[in-house]
Amino acid sequence: MYKSEQLALNIRQLIENGAWKAHSKLPSLREQSQISGYSLMTVLNAYQELEAQGLVYAKQKSGFYVAERLNQTERPVPSSLSLNAHIQMNSLVFGYLKSIQSADVSPLGSAFPNAELLFNPKLMQILAQHAKRKSSYFSHDHMPPGNYELRTIIANRYCLQGIPTHANDIVITSGALDALNLSLQALTKPGDFILLQETIFYGAWQAAERLGLQVITIPEHPVSGFDLDSFEQALKQYPIKVCWLMLNIHNPIGFSVRDEIKQRIASLLEDYQVYLIEDDVYQELYYGTQKPLPMKYFDRQQRVLHCASFSKTLGSAVRVGWVYAGQFSNAIQHLQLMSTVSASPLLQNTLVDFLSHHHYEKHLRQLRKQLEKHKKVFYQQLKQRLNPTCKIHYYSSGYFLWIELPAYIDGYTIYQLLIQNKIGIAPSQLFRSEQVSQNFIRLNCSFAWNSDIAAALDVLSEVIQQHITQYTHA
Ligand SMILES: Cc1ncc(COP(=O)(O)O)c(C=O)c1O
């Protein structure tokens with residue numbers, strides 16, 4: 001962790017604990033430098049980091065102050081558990097994905113990072129070499145559970161994080177969604193209860209709809225991201241078989257849950273004998289130096305099926321994913337051989353070469369740096385444009401910003417108005433059931449700032465402003 005990150009974390013804890021109240025002034029840069037022993041530049045970086053996270057704000061010629069949003073008394077009361085027995089999300093997601101597909105729609109609604117950042121010439125060179133080899137077309141080792149060398153490389157990456165893993169624990173899939181779907185299908189039968197976070201990637205809702213499952217949701221905790229009390233209450237109250245959770249670089253909100261909370265989730269999974277499907281598809285897109293630990297790290301009883309892919313780091317053209325399936329490897333392969341069968345042998349072979357020669361790490365370092373830079377610019381630009389009643393949830397990772405609009409504004413209405421102007425954004429209806437509030441939108445901030453993006457954000461802020469004006473004058 002950088003020194004500035006450590007300092008920002010210390011200050012964040014003081015704010016979250018209520019030791020520093022809203023609108024109180026932070027020590028000046030010079031004072032903080034003397035207190036902490038860090039250089040002025042480190043302190044400035046830490047303060048700017050906190051500002052970007054929305055935890056402090058700067059007043060010109062005066063200094064930095066604690067922002068209002070984390071003040072204990074101002075926290076929204078978490079909504080309660082909810083049961084969703086008849087999910088109908090598929091048509092909405094289908095319509096949405098179709099609407100943003102066209103090349104002339106501004107890509108702020110896309111779930112994928114800017115393709116220019118993902119394109120890697122070395123990867124394409126290796127792919128071209130493999131495309132010329134007959135063995136890439138006729139080999140059989142790509143069939144479930146997938147190319148052994150690729151599985152070994154992935155297993156070694158788990159070992160580096162302190163998670164003992166063998167190639168046989170891994171099943172290669174056609175992207176993370178395939179891994180997630182196969183895992184859920186292997187662990188459930190129609191009518192079973194599963195637990196989701198209240199706000200979750202629409203793929204989870206779609207899978208539950210397709211498999212005829214009953215969904216219990218727990219609200220997000222406004223500070224830590226994960227509400228342990230609601231989680232425990234849900235496990236007590238309902239016969240939950242499987243949880244599908246996203247605890248690192250959450251899509252769409254962006255938070256990563258602290259290790260102490262993950263540890264407690266693992267104990268509760270053991271106590272209640274529940275399995276967890278962990279969606280960790282953005283795991284590599286952290287900023288700084290510390291890769292967040294997956295739930296798999298805390299999994300002593302082999303209850304976690306950890307799913308991830310290369311799609312968010314190398315692009316949708318390299319749709320290869322995997323599941324740490326462990327004891328469920330066979331069950332998942334059975335389902336795979338009846339459905340998606342295998343990821344392309346050409347891509348699996350290419351990835352083996354690309355990963356074994358350490359090109360991936362270099363690519364990831366550059367990607368993370370660019371994403372951080374772009375997201376900070378988006379945040380600053382949005383702060384200047386949006387009415388201050390809109391809250392921008394900034395987290396130091398990934399490439400999404402989650403924007404909370406005033407309670408009377410509906411995310412889907414904003415989406416509909418913007419898509420008429422060829423601007424795509426993702427409304428909260430894609431991620432949350434109709435039983436909960438829908439005044440949120442997600443923006444993809446992985447793009448370099450340019451006049452088209454500026455114009456799109458101008459229209460976005462105008463549309464929101466019109467709603468605010470109408471409401472306040474009504
Ligand atoms: C949270 C989350 N999980 C899973 C997926 C699917 O990943 P893949 O493209 O590797 O199938 C996505 C894609 O947008 C996602 O956002």
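Which loop does Pro-252 lie in? Keep that one in mind for Exercise 3.

A few ground rules before we start. This is a predicted model, where local features need pLDDT of at least 70, side-chain atom pairs count only at pLDDT 80 or more, and totals for chains, interfaces and linings use all residues. Residues are numbered from 1 along each chain as its sequence is written, and side-chain values use heavy atoms, with hydrogens and water left out.

**Exercise 1. Describe the shell around the ligand.**

Step 1: get the neighbours. A residue is near if one of its heavy atoms lies within 4 Å. With that cut-off, 16 residues surround the ligand, and the closest are Asp-279, Tyr-282, Ser-309, Ser-311 and Lys-312.

Step 2: sort them by type. Ala, Val, Leu, Ile, Met, Phe, Trp, Tyr, Cys and Pro go down as nonpolar, Asp, Glu, Lys and Arg as charged, and the others, Gly among them, as polar. The shell then splits into nine nonpolar, four polar and three charged residues.

Step 3: map them onto helices (DSSP runs of H or I, at least four residues, numbered from the N terminus; strands are E runs of at least two). H9 (175-187) and H13 (311-314) each supply at least two shell residues. H9 gives the most, with four.

**Exercise 2. Find polar contacts to the ligand and work out how buried the ligand is.**

Step 1: look for pairs of N or O atoms within 3.5 Å; inside protein you'd also need one atom able to donate a hydrogen and the other to accept it, and sequence neighbours count only if both atoms are side-chain atoms.

Step 2: check the backbone. A backbone N or O atom of Ala-176 sits 2.8 Å from a ligand oxygen, and a polar backbone atom of Leu-177 is 2.9 Å from an oxygen of the ligand.

Step 3: check side chains. Arg-319 puts a polar side-chain atom 2.7 Å from a ligand oxygen.

Step 4: do the area (Shrake-Rupley, 1.4 Å probe; for residues, only the protein chains shown count as cover). Alone, the ligand exposes 390 Å², and the protein buries 97% of that.

**Exercise 3. Track down the unusual backbone spots.**

Step 1: scan omega. The peptide bond from Pro-144 to Pro-145 is cis, with omega near 10 degrees; Pro-145 is in the loop between H7 (135-138) and H8 (148-160). Asn-251 and Pro-252 are also joined by a cis bond, with omega about 15 degrees.

Step 2: settle the opening question. Pro-252 lies in the loop between strand E7 (240-245) and helix H12 (259-272).

Step 3: scan phi. Gln-302 isn't a glycine, yet has a positive phi of about 55 degrees. Gln-302 belongs to the loop between strands E8 (275-279) and E9 (304-309).
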